[in-house]
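Ready to practise reading a protein model? Keep the sequence and the 3D view open, and try each task before you read its solution.

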Amino acid sequence: MLNHIIRRTINKKHSLRARKYCSEIQKPKTMKFSKDNKLWVTVDRDIATIGITQYTKESVGNNKVFLVALPPKGAHLSKGNILSVIHSLNTPRSAEDRLEHISNDLKSPISGLVIQENEDIESEPTTISVQDPSAMWLVKLRLSDYKEVYDLNETPLSSVQ
């Protein structure tokens, strides 16, 4: 009988600790946004998925995207460092307009280890201009500091200063 009570007490304490840990780390998969409004982030346990927002897609506009540079698997990204660079060429509107190279730097809104990169975007960068931004993820990270997620915006900004 005593053995049963001890086991039950241990399981309760263990269960409470596990529930507390799970409630801290298992946040709902809601979309958050970077301070510059260029990237969205979803978090599932300790894995964050980062993608481009409608704002970024519109800033690329009708330009011909020819290269999307992503960090390799295994790279560690720090908050504020370059996550990706989107290279595009503007579409001349008239014969007098020149073809111009445009480079969009996207800074990582959170820190973590790259566990997966979207190889489809790297091999077919033109899909950025066509697809829905919520489906346009760039990388998946294993979070280094979950607290950085709380610094992100809950809603996209309507205009960026």
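Below are five exercises, each with a worked solution.

This is a predicted model, in which local features need pLDDT of at least 70, side-chain atom pairs count only at pLDDT 80 or more, and totals for chains, interfaces and linings use all residues. Residues are numbered from 1 along each chain as its sequence is written, and side-chain values use heavy atoms, with hydrogens and water left out.

**Exercise 1. Salt bridges**

Task: Find how many salt bridges the whole structure has, and describe where the partners sit.

Solution.

Step 1. Start with the rule: a salt bridge is a side-chain nitrogen of Lys or Arg within 4 Å of a carboxyl oxygen of Asp or Glu. Side chains of opposite charge can pair when their charged atoms come close. Searching the whole structure gives 3 salt bridges.

Step 2. Take E154 and K32, whose closest N and O atoms are 2.7 Å apart. E154 belongs to the segment after helix 5 (147-150) and K32 to strand 1 (residues 31-33), so this pair links distant parts of the chain, 122 residues apart. Helices (H or I, at least four residues) and strands (E, at least two) are DSSP runs, numbered from the N terminus.

Step 3. Now check accessibility, where buried means under 20% relative accessible area, exposed over 50%, and partly exposed in between (1.4 Å probe, protein chains only). E154 counts as exposed because its relative accessibility is 51%, while K32 is buried because its value is 12%.

Step 4. Move on to R142 and D46, which meet in a salt bridge at 3.0 Å, N to O. R142 is in strand 9 (residues 137-143) and D46 is in the loop between strand 2 (39-44) and strand 3 (47-52), so the pair ties together parts that are 96 residues apart in sequence. R142 counts as partly exposed at 38% relative accessibility, and D46 counts as partly exposed at 27%.

Step 5. Finish with K79 and D151, where the closest N and O atoms are 3.4 Å apart. K79 is in the loop between strand 5 (76-77) and strand 6 (82-89), D151 is in the segment after helix 5, and the two are 72 residues apart. K79 is partly exposed at 40% relative accessibility.

**Exercise 2. The neighbours of D151**

Task: Which residues is D151 in contact with, leaving aside its neighbours within four places in sequence?

Solution.

Step 1. Contact means heavy atoms within 4.5 Å. With that rule, D151 is in contact with K35 and K79.

Step 2. Compare sequence and space for K35: D151 and K35 are 116 residues apart in sequence and 8.5 Å apart in space, C-alpha to C-alpha.

Step 3. Add accessibility: D151 is partly exposed, because its relative accessible area is 38%.

**Exercise 3. The nonpolar core**

Task: How many residues does the largest nonpolar core have, and which strand gives the most to this core?

Solution.

Step 1. A nonpolar core is a set of buried Ala, Val, Leu, Ile, Met, Phe, Trp, Tyr and Cys residues joined through side-chain atoms within 4.5 Å. In soluble globular proteins, nonpolar side chains tend to be buried together.

Step 2. The largest nonpolar core has 27 residues, and those with the most contacts inside it are I50, I52, I86, I110, L138 and V139.

Step 3. At least two residues of this core come from each of strand 2, strand 3, strand 4 (64-69), strand 6 and strand 9. Strand 9 gives the most, with 4 residues.

Step 4. Look around I52: not counting residues up to four places away in sequence, I52 touches several residues, among them W40, I86, L106 and L138.

**Exercise 4. The open sheet**

Task: What is the strand order in the open sheet of 6 strands, and which are the edge strands?

Solution.

Step 1. Two strands pair if DSSP finds at least two bridges between them.

Step 2. The order is 1-2-3-9-8-5, with antiparallel pairing. The edge strands are strand 1 and strand 5, each pairing on one side only.

Step 3. Zoom in on one edge: strand 1 and strand 2 run antiparallel and are joined by 3 bridges. One bridge partner pair is M31 with T42 in strand 2.

**Exercise 5. Aromatic rings**

Task: Which residues form the aromatic pair, and how are the planes arranged?

Solution.

Step 1. Rings of Phe, Tyr and Trp (its six-membered ring) pair if their centres lie within 6.5 Å; planes under 30 degrees apart count as stacked, over 60 as edge-to-face and the rest as tilted.

Step 2. The whole structure has 1 aromatic pair. Y146 and Y150 form this pair, at 5.7 Å centre to centre and with 65 degrees between the planes, which is edge-to-face.

Step 3. Y146 is buried because its relative accessibility is 17%, whereas Y150 is partly exposed at 49%.
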